[in-house]
Amino acid sequence: MAKAPEKMEKLVSLCKRRGIIFQSSEIYGGLASCWDYGPLGVEMKRKVKEAWWQKVVRERKDIVGLDASILMHPSVWEASGHVESFSDPMVDCKSCKRRFRADDLEDERCPVCGGELTEARQFNLMFKTFMGPLEDESSVVYLRPETAQGIFVNFVNVQQSMRLKLPFGIAQIGKAFRNEITPGNFTFRTREFEQMEVEYFVFPGTDEEWHRRWIEERFKWYVDLGLREDRLRLRPHGEDELAHYAKSCVDIEYLFPFGWAELEGIANRTDYDLRRHSEYSGRRLDYYDEESGKRIIPYVIEPSGGVDRALLAFLVDAYDEEVVRGETRVVLRLHPKLAPITVGVFPLVKREGMPEKASEIEEMLRPHFNVFYDEKDSIGRRYRRMDEVGTPYGVTVDSQTMQDDTVTVRDRDSMEQERVHIRELVDYIEERISSWRRPEHITEEVWT
Ligand code: GAP
């Protein structure tokens, strides 16, 4: 059974071998902290985002979506406070020249070579680039370090075009960029990543109640998608670590093999952002409350999660090894809604019309699920290949299928098989997906 940190190495290697995640620009030696999602990774990533969008937008009548541009007017970042405050304290080692975040260090010497460190200085995390043909100060723009600001600057556009009444939210999924001083732990901290953010606008005075509700709601989302509750916890921020815009913030943390770390932060941003953008743009960013006849600046509760971090937690949590008939079986016990492939389709043997029948079933299932057809090697090896990438159901065509149009459906977690008529297959799989529960007999132990 894998133990941390061995488990991270196994997972990174599995991700590469099975087309989930590759190092960016690998043939040139790689680009530090940038990762590419392969054919299976991209499917899983889409499913994580879909599960989030489904929960926070489609299933609610008080939230709408937005897709704002990555490049924004540079004044956005002056107003938001990012130009002034979005920085980490950085130190350099005078001997080996390595660079560290001062607040990550436990003592005053270089953790690698023991050398003397420079004084800490603030390092702004925003990536700068130039817009247009001139490369001077007047053409500087930033790659957004959070998706949130695209929502704030569109507050009035969205509220008025959709005639929304408080409380309401605007949701967005998109890329964000931060020139992190110490990225690492695979996809956990990278310089380019995706965020899933809601800015939920409320009447001032109701903000603390909404903050509580969002913390509960978001915690439940991770549990419902299969994360073990004993590896999740809530951690309120101390006064000294609150972001410049927040009155309070609670992180949802997951116990990764490298320790407890943040998956998502749920912050009470007060009216900071709308007020600041109003001041800097000279435009009114407020809300007319018909009941009281007053104009108010709403408060904002912000659940802000990372797609890549959530995906990494789902992978880590799902990774399991067990010994079956003397051989180690690696299995990703992913929630079927997140599995890159939902159904594997296999002819038992490559003759007697079984491949043709299995191909027909594959075509029948394709509009409904992510399907993978495989006829190579023994059926046992094909099942193992599917287990390793978390495919929850395996449909096998055997000699009985050729007589009565029934197939076996193998369950990834229990490895048990049931016979199902082909015409009932779609409903059967859909039912199994929605009633899935994480198996009790999982073999991996909690590590610390
Ligand atoms: N708008 C608020 C905000 O951006 P944050 O805590 O800095 O808050 C929110 O980021 C989430 O974005 C984090 O909980 C994490 O999941 C993800 N995130 C932040 N920095 C990241 C990085 N360098 N690599 C991967 N994900 C990151």
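## Ligand contacts

In this predicted model, a polar side-chain atom of Arg269 lies 3.4 Å from a nitrogen atom of the ligand. Another ligand nitrogen contact involves Glu197, where an N or O atom of the side chain is 2.5 Å from a nitrogen atom of the ligand. The backbone also takes part: an N or O atom of the Leu263 main chain is placed 2.8 Å from an oxygen atom of the ligand. The ligand taken alone exposes 550 Å², and the protein buries 92% of that area.

## The shell around the ligand

The ligand is surrounded by 21 residues, of which Glu146, Arg178, Thr190, Glu197 and Glu262 are the closest. By class, ten residues of this shell are charged, six are polar and five are nonpolar. The space that the ligand takes is the largest pocket.

Three strands each supply at least two residues of the shell: S10, spanning 192-202, S13, spanning 259-270, and S16, spanning 299-306. Strand S13 provides the largest share, with five residues.

## Asp308 and helix H9

Asp308 belongs to helix H9, which covers residues 307-318. Its relative accessibility is 7%, so Asp308 counts as buried. The side chain of Asp308 is in polar contact with the side chain of Tyr37, at 2.7 Å.

## Val153 and the cis bond before Pro167

Val153 is located in the loop that joins helix H5 (148-152) to helix H6 (155-162). With a relative accessible area of 32%, Val153 is partly exposed. The C-alpha atom of Val153 is separated by 7.9 Å from that of Val76, although the two residues are 77 residues apart along the chain.

Beyond H6, the loop leading to strand S9 (168-177) contains Pro167. The peptide bond from Leu166 to Pro167 is cis, and its omega is near -10°.

## Positive phi in loops

Ser25 is not a glycine, yet its phi is positive, at about 55°. This serine lies in the loop between strand S1 (21-23) and strand S2 (35-37). The relative accessibility of Ser25 is 35%, and therefore Ser25 counts as partly exposed.

Met415 likewise is a residue other than glycine with a positive phi, here near 65°. The position of Met415 is in the loop from strand S22 (406-411) to strand S23 (417-421). Met415 has a relative accessible area of 24%, so this methionine is partly exposed.

## Helix H11 and the residue that follows

Helix H11 runs over residues 379-388 and contains several buried residues, namely Ile379, Arg382, Tyr383, Met386, Asp387 and Glu388. Just after H11, Gly390 adopts a positive phi of about 80°.

Notes. Residues are numbered from 1 along each chain as its sequence is written. This is a predicted model: local features need pLDDT of at least 70, side-chain atom pairs count only at pLDDT 80 or more; totals for chains, interfaces and linings use all residues. Side-chain values use heavy atoms; hydrogens and water are left out. A residue is near a molecule or strand if one of its heavy atoms lies within 4 Å of it. A polar contact is a pair of N or O atoms within 3.5 Å; within protein, one must be able to donate a hydrogen and the other to accept it, and residues adjacent in sequence count only if both atoms are side-chain atoms. Accessible areas come from the Shrake-Rupley method with a 1.4 Å probe; for residues, only the protein chains shown count as cover. On a 1 Å grid over the protein atoms alone, a cavity is a set of points where a 1.4 Å probe fits but cannot get out, and a pocket is an open set with protein on both sides within 12 Å along at least five of seven lines; lining residues have an atom within 4 Å of a point. A molecule sits in a cavity or pocket if more than half of its atoms lie within 2 Å of its grid points. Helices (H or I, at least four residues) and strands (E, at least two) are DSSP runs, numbered from the N terminus. Ala, Val, Leu, Ile, Met, Phe, Trp, Tyr, Cys and Pro count as nonpolar, Asp, Glu, Lys and Arg as charged, and the others, Gly among them, as polar. Buried means under 20% relative accessible area, exposed over 50%, partly exposed in between (1.4 Å probe, protein chains only).
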